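Reader: Hi, I have a structure open and I'm not sure how to read it. Could you go through some of it with me?

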Amino acid sequence: MDAQLKRELQDFAFRIRIACVEEFKALGFGHIGGSLSIVDTLAVLYGSTMKIDPKNPGWPERDKFVCSKGHAGPAVYATLALKGYFPMDWLTTLNKGGTNLPSHCDKSKTPGIDATTGSLGQGASQALGLAIGDALKGRKNRVFLMTGDGELNEGQIWETAMLASARKVDNLIWFVDNNKKQLDGLVDEIMPLGDIGAKFSAFGFHAQTIPGNDIEAIYEAIEAASNVAGKPHAIILDTVKGSGVKAIEETFDNHSITAKAEVYDGWLEALNSDYAAFKAL
C-alpha cells in the first residue's frame, strides 16, 4: 500500500470518528460502540476503494455499501457528510424530529444510503439482490456489505450465504464486524460463533480474517478479494467495539451509551489530541 494513501486514509478515519462522536454528543445517546468499530473500513471504502459520485448519489454504475447492522448508521452518516453527500450540520440532527439522519439507515431519507436496514439479517439479502441485479445488467460495480458478529445469529444470514455461493456472486464483498459483543453481552456467551472465516469458507466464500481496525490490512484484503473470481468474498474484521476512544473501548456495556455533554467533550478531547499527534508525525 502506498504510504501517502495510507496516511490519507488514517487521517480520514480520525475525521470520521470525531464527526461521529459529535453526532452522538448532539443527541446525548446512541449506538456508539458498533459505530466506531467500523470506521476504519468506511475510511478505506469511501476514501479510496469505492467508485462513487457524491454529487450523483444514484449513479447507476456506482459501487454500493449496505450497512446491514443499521444501528451503525451514524458512522456512515459522518462518512457521507465528510465526502460531501450532504451538509455537515445535518449531523447534529441525528435521530431528532424531522431529521434526514434516523437512528438506523434509511434510503428514503439520506443521500448516499443504498439500502434501508436495521432489522438484522435483512441487509444481507438486500446486498445480495443488489449484487445479482447489477451483474445481470452488465455493470462492473461491486456491492460491499457490513454485518455485525451478533447479527450472524440470524438464519437469514446463512440463507444469503448459500445463495451467494450457489450463484457465484463475486461482485459481493461481505464484511463481518467481529467486535465480540452484541446488544446484551458477549457473543461467545450468547451464541458462540467459532471460526467465522471457516464457516464462510465452508459455504463457498473466498474468506479472509484480518485486524479490522488496521487501514492497511483492510485495503489489502479488498485488493486480494478483487483478484479472486467466481466466488463471493468474506472479510472477517477482528475489531474492538468503540475503537479509537479508549474510554469507550474499556466500557463493557458500550453497545449503546447515554452520557452527559461533558463526557462527550472528554472523548472528543482525547480524539482531537490523538489526531493532533498523528498530524505532527
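Author: Gladly, and please keep in mind that this is a predicted model. A good place to begin is strand S7 (residues 206-211), which pairs with strand S8 (residues 233-238) in the parallel sense, with six bridges between the two.

Reader: Which residue stands opposite Thr-209 in S8?

Author: That residue is Ile-236, which stands opposite Thr-209.

Reader: And how does the chain cross from S7 to S8?

Author: The chain goes from S7 through helix H9 (residues 215-226) and on to S8, and the β-α-β crossover made in this way is right-handed.

Reader: Which other strand is joined to S8 by six bridges?

Author: That is S4, which runs parallel to S8 and is joined to it by six bridges; within this pairing, Asn-178 has Asp-238 of S8 opposite it.

Reader: What about S4 and S3, how do they pair?

Author: Strand S3 (residues 143-148) and S4 also pair in the parallel sense, over six bridges, and one of the matches to look for is Leu-145 with its bridge partner Trp-174 in S4. If you trace the chain here, you will find that S3, helix H6 (residues 155-166) and S4 make up a β-α-β unit that is right-handed.

Reader: Why is S4 largely enclosed?

Author: Strand S4 covers residues 172-178, and seven of its seven residues are buried, so the rest of the structure largely encloses it. Leu-172, Trp-174, Val-176 and Asn-178 point one way from the strand, while Ile-173, Phe-175 and Asp-177 point the other way, and all of them are buried.

Reader: Switching to helices now: at what angle do H3 and H4 cross?

Author: The axes of helix H3 (residues 39-49) and helix H4 (residues 73-82) cross at roughly 35° and come within 10 Å, and the crossing is right-handed.

Reader: Which residues meet there?

Author: From H3 you have Val-39, Leu-42 and Tyr-46, and these meet Ala-75, Val-76, Thr-79 and Leu-80 in H4. Sorted by class, this contact of H3 with H4 has six nonpolar residues, one polar residue and no charged ones.

Reader: Is H3 mostly covered or mostly exposed?

Author: It is mostly covered, as nine of the eleven residues in H3 are buried. Among them are Val-39, Leu-42 and Tyr-46, and the buried residues also include Asp-40 and Thr-49.

Note on methods:
Residues are numbered from 1 along each chain as its sequence is written. This is a predicted model: local features need pLDDT of at least 70, side-chain atom pairs count only at pLDDT 80 or more; totals for chains, interfaces and linings use all residues. Side-chain values use heavy atoms; hydrogens and water are left out. Axes are lines fitted to C-alpha atoms, for helices over the stretch in contact, and angles run from 0 to 180 degrees between N-to-C directions. Helices (H or I, at least four residues) and strands (E, at least two) are DSSP runs, numbered from the N terminus. A crossing is left-handed if the near helix is turned anticlockwise from the far one by less than a right angle, and right-handed if clockwise. Contact means heavy atoms within 4.5 Å. Ala, Val, Leu, Ile, Met, Phe, Trp, Tyr, Cys and Pro count as nonpolar, Asp, Glu, Lys and Arg as charged, and the others, Gly among them, as polar. Two strands pair if DSSP finds at least two bridges between them. A crossover is right-handed if, with the strands pointing away from the viewer, the path from the first strand over the helix to the second runs clockwise. Buried means under 20% relative accessible area, exposed over 50%, partly exposed in between (1.4 Å probe, protein chains only).
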